[in-house]
Amino acid sequence: MAVKKIVVLASGGGSNLQSLIDAAENGAINARIAAVISDRRGAFALERAKSAGIPSYEHDRFDKARFAVRDDFDRAVADSIDAHAPDLIVLAGYLSILPRETVTRYRVINIHPSLLPKFGGMGFYGRKVHEAVIAAGETESGATVHYVDEGVDTGGIIVQERVPVMPGDTAETLAARVLETEHNLIVTAVKMLL
Ligand code: GRF
């Protein structure tokens with residue numbers, strides 16, 4: 001079976017990206033990370049891509065000199081994706097919403113640090129998710145990999161894994177526990193789909 005091409009979009013540290021890079025390198029997934037795209041200047045995910053010899057693109061959404069209007073940014077991201085004709089796009093901690101054309105043209109998945117549909121949607125990202133889980137007194141949380149459609153965190157669920165919320169958890173300790181789970185879950189989901 002031909003090796004599939006994955007393009008990963010990431011805004012931050014890229015530890016989920018690293019998990020995919022490792023899985024591709026050690027043969028756990030029959031895929032190659034064809035490119036990494038970030039919408040944030042200096043995202044560490046870009047360094048991880050460079051270290052692995054993967055083409056990377058920094059399209060800083062807030063760079064007004066380059067992107068006077070949102071459309072310009074969307075086009076730059078779309079062009080970088082198109083250049084690699086991926087079989088799958090993985091959003092791994094990516095903070096921009098993809099335009100309709102991209103989510104309809106490609107198969108796109110996202111990893112979200114809660115048990116969707118709980119604690120998902122506009123405004124639920126990063127530590128805000130974990131703060132809300134703790135404030136709601138939940139005894140468990142987890143991670144979800146889902147398809148990306150035109151909404152925010154509304155696409156079909158592919159796979160989920162639960163983690164306990166411990167007494168005394170802070171957003172940081174819970175985030176760390178969930179993130180550890182994400183690293184396996186993202187690889188499991190990609191394996192299922194390819
Ligand atoms: C993860 O918790 C992911 O679910 C969320 O952002 C975090 C990204 O972590 N959307 P990393 O950049 O993969 O280390």
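User: Which helix gives the most residues to the lining of the second largest pocket?
Analyst: Bear in mind that this is a predicted model. The second largest pocket holds about 190 Å³ of space, and the elements giving two or more residues to its lining are helix H3 (70-82) and H4. With 7 residues, the one that gives the most is H3.

User: And how many charged residues are in the lining of that second largest pocket?
Analyst: Its lining includes Asp71, Asp74, Arg75 and Asp79, along with Glu101 and Arg105. Next to these come residues such as Ala78, Ile81 and Pro99. The full split is 4 nonpolar, 1 polar and, for the charged group, 7.

User: Now the largest pocket: what is its volume?
Analyst: There are 41 residues lining this one, and those closest to its centre are Gly93, Tyr94, Leu95, Tyr125 and Gly126. By class, the lining divides into 19 nonpolar, 17 polar and 5 charged residues. The volume comes out at about 860 Å³.

User: Which element gives the most to the lining of the largest pocket?
Analyst: Helix H1 (15-25), helix H4 (100-105), E5 and helix H6 (171-193) each put in at least two residues. The top contributor, with 5 residues, is H6.

User: Let's move to charge pairs. How many salt bridges does a search of the whole structure find?
Analyst: Side chains of opposite charge can pair when their charged atoms come close. One of the pairs here is Arg177 with Asp169, at 2.7 Å from N to O. For the whole structure, the search gives 11.

User: In that Arg177 and Asp169 pair, which residue is buried?
Analyst: Buried means under 20% relative accessible area. Arg177 has 23%, so it counts as partly exposed. The partner has just 12%, which puts it below the cut-off, and that residue is Asp169.

User: How many residues apart in sequence are the parts that Glu138 and Lys118 tie together?
Analyst: These two form a salt bridge, with the closest N and O atoms 3.0 Å apart. Glu138 sits in the loop between helix H5 (127-135) and strand E6 (140-147), while Lys118 is in the loop between strand E5 (108-112) and H5, so the parts they tie together are separated in sequence by 20 residues.

User: What about Arg127 and Glu131: how far apart are they in terms of helical turns?
Analyst: They form a salt bridge too, the closest N and O atoms being 2.6 Å apart. Arg127 is partly exposed at 46%, and Glu131 is partly exposed at 35%. Both belong to helix H5 and are 4 residues apart, so the separation is about one helical turn.

User: Which residue is linked with Arg127 and Glu131 in a network of salt bridges?
Analyst: Arg127 and Glu131 already pair with each other in a salt bridge. The network takes in one further residue, Glu172.

User: On to the sheet. Which strands stand at its edges?
Analyst: The open sheet has 7 strands with mixed pairing, in the order E3-E2-E1-E4-E5-E6-E7. On average, neighbouring strands are turned by 20° against each other, direction ignored. An edge strand has a single partner, so one side is left without a neighbour in the sheet; the two in that position are strand E3 (56-58) and strand E7 (157-164).

User: Which residue in E3 does Ser38 stand opposite?
Analyst: Strands of a sheet pair through backbone hydrogen bonds, either parallel or antiparallel. Strand E2 (residues 31-38) and E3 pair in the parallel sense, over 3 bridges. Opposite Ser38, in E3, stands Glu58.

Technical notes
Residues are numbered from 1 along each chain as its sequence is written. This is a predicted model: local features need pLDDT of at least 70, side-chain atom pairs count only at pLDDT 80 or more; totals for chains, interfaces and linings use all residues. Side-chain values use heavy atoms; hydrogens and water are left out. A salt bridge is a side-chain nitrogen of Lys or Arg within 4 Å of a carboxyl oxygen of Asp or Glu. Buried means under 20% relative accessible area, exposed over 50%, partly exposed in between (1.4 Å probe, protein chains only). On a 1 Å grid over the protein atoms alone, a cavity is a set of points where a 1.4 Å probe fits but cannot get out, and a pocket is an open set with protein on both sides within 12 Å along at least five of seven lines; lining residues have an atom within 4 Å of a point. Grid points are joined across faces, edges and corners, and a volume is the space filled by probe spheres set on the points. Ala, Val, Leu, Ile, Met, Phe, Trp, Tyr, Cys and Pro count as nonpolar, Asp, Glu, Lys and Arg as charged, and the others, Gly among them, as polar. Two strands pair if DSSP finds at least two bridges between them. Axes are lines fitted to C-alpha atoms, for helices over the stretch in contact, and angles run from 0 to 180 degrees between N-to-C directions.
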